[in-house]
Amino acid sequence: MSQHDDDDQQTTSSEAIPEPEGASDIIDTDYEIGQDNITPSIGPFGLDIHNPVFLVSGLVVMAFVIITLAFQNQVGPIFTDLRGFLTSSFDWFFLMAGNLFVLVCLGILVSPLGKVRIGGVDATPDYSYGGWFAMLFAAGMGIGLMFFGVLEPVYYFGTPWGDQPLMRDIGIVDGVLADPAAVEAARLTAMAATIYHWGLHPWAIYAVVALSLALFAYNKGLPLTIRSMFYPIFGERIWGWPGHVIDILAVFATLFGLATSLGLGAQQASAGIGFVFGIEGINDTVTASVVLIVIITGMALISVMRGLDGGVKVLSEINMGLAVLLLAFVLLAGPTLTLVTQFFGNLGAYFSEIGALSNPIGREDDGYRQGWTAFYWAWWISWSPFVGMFIARVSRGRTVREFITCVLLIPTLVSAVWMTVFGGTAIDQLINTVTESAVYGYVIAAYVPELSLFGMLSQLPLAAISSTLAIILVIVFFVTSSDSGSLVIDTITAGGKIDAPVSQRVFWVIFEGLVAAALLIGGGLAALQAASVSTGLPFAIVLVLACYALVKGLLSEPRG
Amino acid sequence: MYRKVIFPVDLTHVDDLSKALQTTLDLANHYKAEICFVGVTGTAPNAVTHTPQEYERKLRAFADEQGKAHGLKCSATACISPDPSIDTDKTLLAAIDDLGGDLVVMQTHAPNALDYIWAGHGDTIAAHSGASVFLVR
């Protein structure tokens with residue numbers, strides 16, 4: 001490594017860890033960004049793509065789609081079993097890895113390393129706090145909050161399938177509410193267990209990946225692609241096949257994660273439309289879902305063609321505005337005072353239960369720990385290359401302390417508020433009207449998860465308006481994941497270049513929509529989503545190594 | 001007639017700019033005008049630079065080199081964009097305005113079918129800039 005000493009920063013720090021000089025600590029490598037790229041032309045379209053990452057990723061994705069379509073009955077169970085095997089056999093590893101990521105992030109936050117600035121000591125932020133937070137939150141979690149905000153708390157409160165968190169007593173058994181003290185205890189456990197899945201742990205996974213990528217690209221001068229964060233481990237070999245495999249795996253996980261979520265999400269959104277507007281049998285054919293995929297892909301296309309500033313950021317801000325509107329509506333139309341009071345209790349329960357919930361060994365709640373927690377962790381980790389890289393791209397100019405505060409702590413609080421309002425309202429309906437409540441019907445009596453949110457909204461005033469807003473929000477959340485995901489895939493397959501021809505990002509948006517539509521029409525969405533989530537295990541292993549690389553990389557940075 | 005000639009530079013393809021560069025130097029010489037080399041770079045590392053600051057230094061060195069070699073007043077302005085694939089035209093137009101350039105000389109590609117859908121950088125600058133624009137094929 002060579003010192004990058006164009007700046008007159010001084011090493012006058014009195015901190016325990018010696019502070020290096022210079023604006024940032026550039027890694028001295030012979031690799032030139034784009035040296036493996038090829039620039040073919042298809043008609044008038046010029047391309048600038050990494051060879052072999054672009055071609056192999058594209059071919060692998062197409063091969064998986066074709067094989068899944070052709071051999072659905074054989075392939076489906078294989079991928080679903082693989083995911084089940086990984087989450088039930090390696091649940092301890094996922095839980096331990098999750099805990100490690102949280103501890104590493106909190107350790108960096110409170111240490112002098114928090115003063116390192118992404119992009120070097122004299123870098124300035126590219127985005128305001130509002131725009132930055134809107135983008136990172138919309139890409140990372142939005143759609144899940146819509147789907148699970150009602151479902152998960154209600155499920156843990158009254159699951160009749162014996163998979164409640166920590167094997168605690170549930171609040172409703174065979175349609176009969178427990179005594180008030182037991183109901184309150186079950187409610188607190190349900191909220192703590194839900195916030196645990198949407199709080200520090202998932203955001204720590206994203207933060208580790210995002211911070212590593214940002215550090216190795218903006219401070220160390222390596223290409224903005226997933227392989228760069230493993231440079232301290234693999235050294236120059238990272239420019240060869242070990243790096244190609246990491247990048248291809250990242251493209252695979254991102255594309256299938258997005259395409260299958262888009263396909264399944266379109267089905268859920270059309271079910272919601274059918275429910276709200278009373279259209280019977282809307283999901284009997286795939287027409288409505290395919291139309292939704294075309295709309296979402298079209299909006300994502302406009303967004304990426306308008307760029308980060310004019311498209312992705314604007315849409316993310318609109319998205320946040322709509323989400324705040326829906327949140328405010330449920331808060332005001334729901335049991336407002338109860339929810340406000342419960343928020344602090346829920347947060348307290350989360351922090352007091354986090355030790356028990358995150359303990360990887362000696363537990364008996366297999367259904368919760370393996371079926372929910374390990375599944376979520378594998379899911380977050382498989383999404384981490386996409387979300388991490390997108391967050392990295394928009395975080396230049398922030399200090400590490402600001403970064404961890406805004407990527408770990410604030411999102412955790414936002415998730416806790418969201419879960420309190422949506423889950424709290426739903427549980428309140430359940431307590432007041434028990435088996436008469438819509439959420440009881442959709443979550444406990446029968447399991448129709450895609451209608452749980454709409455069920456809760458249907459029992460509040462102005463249900464038609466709020467449900468329509470919820471459907472629009474679901475669609476916009478998909479667009480904000482789809483556009484940022486396509487930008488990430490484009491950058492990885494261009495070898496870390498962010499100035500590749502626009503036609504490439506257009507290709508990836510359309511390709512993602514086509515994969516989603518093909519799998520929706522031909523079947524296999526759930527199978528390939530399972531395959532995508534299965535990439536969580538190999539990524540979890542390399543992310544543990546990445547923590548070491550991250551700390552080592554931060555130690556050699558000046559703290560201006 | 002012209003006081004400041006703006007010459008947009010892509011440092012990754014300097015070798016391809018010889019014809020446009022020579023045109024710029026000749027025009028500046030003829031009109032005793034200043035040349036301002038303007039480069040748009042992404043925030044992420046690229047083939048020629050690791051950081052935007054390094055890009056700025058290289059662009060300045062390029063401008064100084066041209067100024068010394070041809071006895072002309074040359075300056076450099078580096079513009080940083082988080083998404084240069086999309087924002088280059090917008091950034092260049094703003095820079096031309098801010099710098100008060102009255103002539104822009106730009107290298108551009110030979111026309112092709114794609115120009116009907118997506119205009120090239122030169123086409124967009126010529127269509128939207130208040131300055132005179134000289135496109136060099």
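This section describes the sheet of chain B, a helix pair in chain A and the contact between the two chains. The model is predicted.

In chain B, an unreviewed UniProt entry annotates residues 1-137 as "domain: UspA". Over these residues the chain is 42% helix and 24% strand. The C-alpha atoms at the two ends of this stretch are 24 Å apart.

Five strands of chain B form an open sheet. Their order is S3-S2-S1-S4-S5, and the pairing is parallel. Strands of a sheet pair through backbone hydrogen bonds, either parallel or antiparallel. The edges of the chain B sheet are strand S3 (74-81) and strand S5, each of which pairs on one side only. From one strand to the next, the twist averages 25°.

Two strand pairs of this sheet can be followed in detail. Strand S2 (residues 34-42) of chain B is joined to S3(B) by 8 bridges, and the two run parallel. Within S3(B), B:Ala76 stands opposite B:Phe37. Toward the S5 edge, strand S4 (residues 103-107) of chain B is joined to strand S5 (residues 132-136) of chain B by 5 bridges, again in parallel. Here B:Gln107 stands opposite B:Val136 in S5(B). The connection from S4(B) to S5(B) passes through helix H4 (residues 121-128) of chain B. This β-α-β crossover is right-handed.

A helix also packs on the sheet. Helix H1 (residues 18-31) of chain B lies across strand S1 (4-9), S2, S4 and S5 of chain B. Helix H1 of chain B runs at about 160° to S4(B).

In chain A, helix H2 (residues 72-89) meets helix H12 (residues 366-394). Their axes come within 9 Å and cross at roughly 105°. Angles of 65 to 115 degrees count as roughly perpendicular, so H2(A) and H12(A) are roughly perpendicular to each other. On the H2(A) side, the contact involves A:Leu86, A:Thr87 and A:Ser88. These meet A:Gln370, A:Ala374, A:Phe375 and A:Ala378 in H12(A). The residues of this contact divide into 4 nonpolar and 3 polar, with no charged residue.

The two chains also touch. In this interface, 29 residues of chain A are in contact with 19 residues of chain B. Helix H10 (residues 287-333) of chain A gives the largest share of the chain A side, 4 residues. By character, the chain A side divides into 14 nonpolar, 6 polar and 9 charged residues.

Definitions and conventions. Residues are numbered from 1 along each chain as its sequence is written. Chains are lettered from A and ligands numbered from 1 in the order in which they are written. This is a predicted model: local features need pLDDT of at least 70, side-chain atom pairs count only at pLDDT 80 or more; totals for chains, interfaces and linings use all residues. UniProt positions are given in the numbering used here, feature names are shortened, and annotations may be inferred rather than shown by experiment. Two residues are in contact if their C-beta atoms, placed from the backbone, lie within 7 Å. Ala, Val, Leu, Ile, Met, Phe, Trp, Tyr, Cys and Pro count as nonpolar, Asp, Glu, Lys and Arg as charged, and the others, Gly among them, as polar. Two strands pair if DSSP finds at least two bridges between them. A crossover is right-handed if, with the strands pointing away from the viewer, the path from the first strand over the helix to the second runs clockwise. Axes are lines fitted to C-alpha atoms, for helices over the stretch in contact, and angles run from 0 to 180 degrees between N-to-C directions. Angles under 35 degrees count as roughly parallel, over 145 as roughly antiparallel, 65 to 115 as roughly perpendicular and the rest as oblique.
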